[in-house]
Amino acid sequence: MAAEKKKANRTKSRIPKASRPYMPGYGLPKGKEGLLPWTWAEQRLKRSHNYWISTTRPDGRPHMMVIWGLWIDGAFYFSSGAESRKARNLAKNPHCVIGTEKADEAVVVEGEVSLLPQESKSSIFKPYENKYKYDMSAFTAEPVFVVKPTLVFGLPEKKYLKSATRWEFDTK
């Protein structure tokens, strides 16, 4: 019984709080009616094949690139060459934005990266290989990043104003 309660509390704490995004001038409705369920965002984060990542260069200019990645257990994982622009940017500023590939069902993740420890990398390679049909053995020396979300936005074009949703994660 105690184990079930503990698991329920862990699962509940992973579900972020939904609200309306702050978008003055767009005429978003007030209240919670029409907000998207968190499962809507997670489905798109898992299904997307390509993702966009935005990082900040040391001089403050933005940098955006297409990447492959995985959404697993409430975090986004991706690999990159250690000397790539995005990796060098993230070494200086760990904040980034991840976007899914379909803009008409956009999911935008704001978060902070950390490096996956070397001993944990192999747990990501198999799901990566399954999704992309790509041999990851050459990437064992390259960094694997984990993005922990702080804010996520769901913006489906067809229901845009009625269902625009902002999910806030408890970062404690």
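Start by selecting Arg 44 and Glu 105 in this predicted model: their side chains form a salt bridge, with N and O 3.2 Å apart. Colour by secondary structure and you'll see that the pair ties together distant parts of the chain, since Arg 44 belongs to helix H2 (residues 38–47) and Glu 105 to strand E7, 61 residues apart. Switch on a surface next. Arg 44 is buried, at 12% relative accessible area, while Glu 105 is partly exposed, at 26%.

That's one of three salt bridges here, so let's visit the others. Select Asp 59 and Arg 61: the closest N and O atoms sit 2.8 Å apart in this salt bridge. Asp 59 is exposed, with 53% relative accessibility, and Arg 61 is partly exposed, with 45%.

Now jump to Arg 166 and Glu 168. They make a salt bridge too, with 3.5 Å between the closest N and O atoms. Both partners are on show to some degree: Arg 166 is partly exposed at 21%, and Glu 168 is partly exposed at 36%.

Last stop: helix H3, residues 85–92. Which of its residues are buried? Pick out Lys 86, Ala 87, Asn 89 and Leu 90. They lie on the same side of H3, because they span an arc of only 160° around the axis. Swing round to the face turned away from that buried side and you meet the exposed residues Ala 91 and Lys 92.

And what covers the buried residues of H3? Show the strands: the cover includes E2 (51–56), E3 (62–67), E5 (75–79), E6 (95–100), E7 (105–115) and E8 (144–156). You've already met E7, as the strand that holds Glu 105.

Key: Residues are numbered from 1 along each chain as its sequence is written. This is a predicted model: local features need pLDDT of at least 70, side-chain atom pairs count only at pLDDT 80 or more; totals for chains, interfaces and linings use all residues. Side-chain values use heavy atoms; hydrogens and water are left out. Buried means under 20% relative accessible area, exposed over 50%, partly exposed in between (1.4 Å probe, protein chains only). Helices (H or I, at least four residues) and strands (E, at least two) are DSSP runs, numbered from the N terminus. The arc is that of the directions from the helix axis to the C-beta atoms. Contact means heavy atoms within 4.5 Å. A salt bridge is a side-chain nitrogen of Lys or Arg within 4 Å of a carboxyl oxygen of Asp or Glu.
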